[in-house]
Amino acid sequence: MALSKLQSVVILVICSLLVTSQSKGVRENDAHRSDCVYKGPCKSNQDCKKQCGPPNFPPATLGLCQASPRGHGNICCCAKD
């Protein structure tokens, strides 16, 4: 059964949104130079402990949940050395 043009466009838009949302943390790091490495969404500082810990960061790395510099809700800020 062939997809209609509208169904094809809807699928393309959904795929584009998924790819864009997955790369948000990388874009935050490129667009806003700071003392943070941004590592994904959070609701509390507790959410950032796992994202800012080993193996990508030393065990003592501080992780704070803060407002995204681009206004996309909250994001983990992992302190740079």
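Which residues form a nonpolar patch on the surface, and what is their accessible area together? The patch is made up of Leu 6, Val 10 and Ile 14, and together these residues have about 290 Å² of accessible area. Keep in mind that this is a predicted model.

**The overall layout**

Let's step back to the whole chain. There are three helices and three strands in the protein, and along the sequence they come in the pattern α-α-β-α-β-β. The protein has 81 residues, and 23% of them count as buried. Its accessible surface comes to about 6000 Å², with 62% of that belonging to carbon and sulfur atoms. As for the contacts between residues at least 6 apart in sequence, 47% join residues at least 24 apart.

**The start of the chain**

Back to the patch: Val 10, one of its members, sits in helix H1, which covers residues 5-22. Val 10 counts as partly exposed because its relative accessibility is 41%, which falls between the 20% and 50% cut-offs. Leu 3 is found in the segment before H1. With a relative accessible area of 52%, Leu 3 is over the 50% mark and therefore exposed. Setting aside neighbours within four places in sequence, Leu 3 touches Ser 8 and Ile 11.

**Thr 61 and its loop**

Now for a polar residue. Thr 61 is in the loop that runs between helix H3 (45-51) and strand S2 (63-67). Is Thr 61 buried or exposed? Its relative accessible area is 15%, under the 20% limit, so Thr 61 is buried. A polar atom of the Thr 61 side chain lies 2.9 Å from the backbone oxygen of Pro 58. Leaving out neighbours within four places in sequence, Thr 61 is in contact with Cys 52, Cys 78 and Ala 79.

Here are the three residues with their accessibilities:

| Residue | Location | Relative accessible area | Class |
|---|---|---|---|
| Leu 3 | segment before H1 | 52% | exposed |
| Val 10 | helix H1 (residues 5-22) | 41% | partly exposed |
| Thr 61 | loop between H3 (45-51) and S2 (63-67) | 15% | buried |

**The core**

Two of those Thr 61 partners, Cys 52 and Cys 78, turn up again in the largest nonpolar core. That core has seven residues: Phe 57 plus Cys 42, Cys 48, Cys 52, Cys 65, Cys 76 and Cys 78. What does Cys 76 contact, leaving aside its neighbours within four places in sequence? Its partners include the core members Cys 42, Cys 48 and Cys 52. Also among them are Val 37, Tyr 38, Lys 39, Gly 40 and Pro 41, along with Asp 47, Gln 51 and Leu 64.

Conventions: Residues are numbered from 1 along each chain as its sequence is written. This is a predicted model: local features need pLDDT of at least 70, side-chain atom pairs count only at pLDDT 80 or more; totals for chains, interfaces and linings use all residues. Side-chain values use heavy atoms; hydrogens and water are left out. Patches are made of residues with over 30% relative accessible area and no salt bridge: like charges are joined within 9 Å, nonpolar side chains (Val, Leu, Ile, Met, Phe, Trp, Tyr) within 5 Å. Accessible areas come from the Shrake-Rupley method with a 1.4 Å probe; for residues, only the protein chains shown count as cover. A salt bridge is a side-chain nitrogen of Lys or Arg within 4 Å of a carboxyl oxygen of Asp or Glu. Helices (H or I, at least four residues) and strands (E, at least two) are DSSP runs, numbered from the N terminus. Buried means under 20% relative accessible area, exposed over 50%, partly exposed in between (1.4 Å probe, protein chains only). A polar contact is a pair of N or O atoms within 3.5 Å; within protein, one must be able to donate a hydrogen and the other to accept it, and residues adjacent in sequence count only if both atoms are side-chain atoms. Contact means heavy atoms within 4.5 Å. A nonpolar core is a set of buried Ala, Val, Leu, Ile, Met, Phe, Trp, Tyr and Cys residues joined through side-chain atoms within 4.5 Å.
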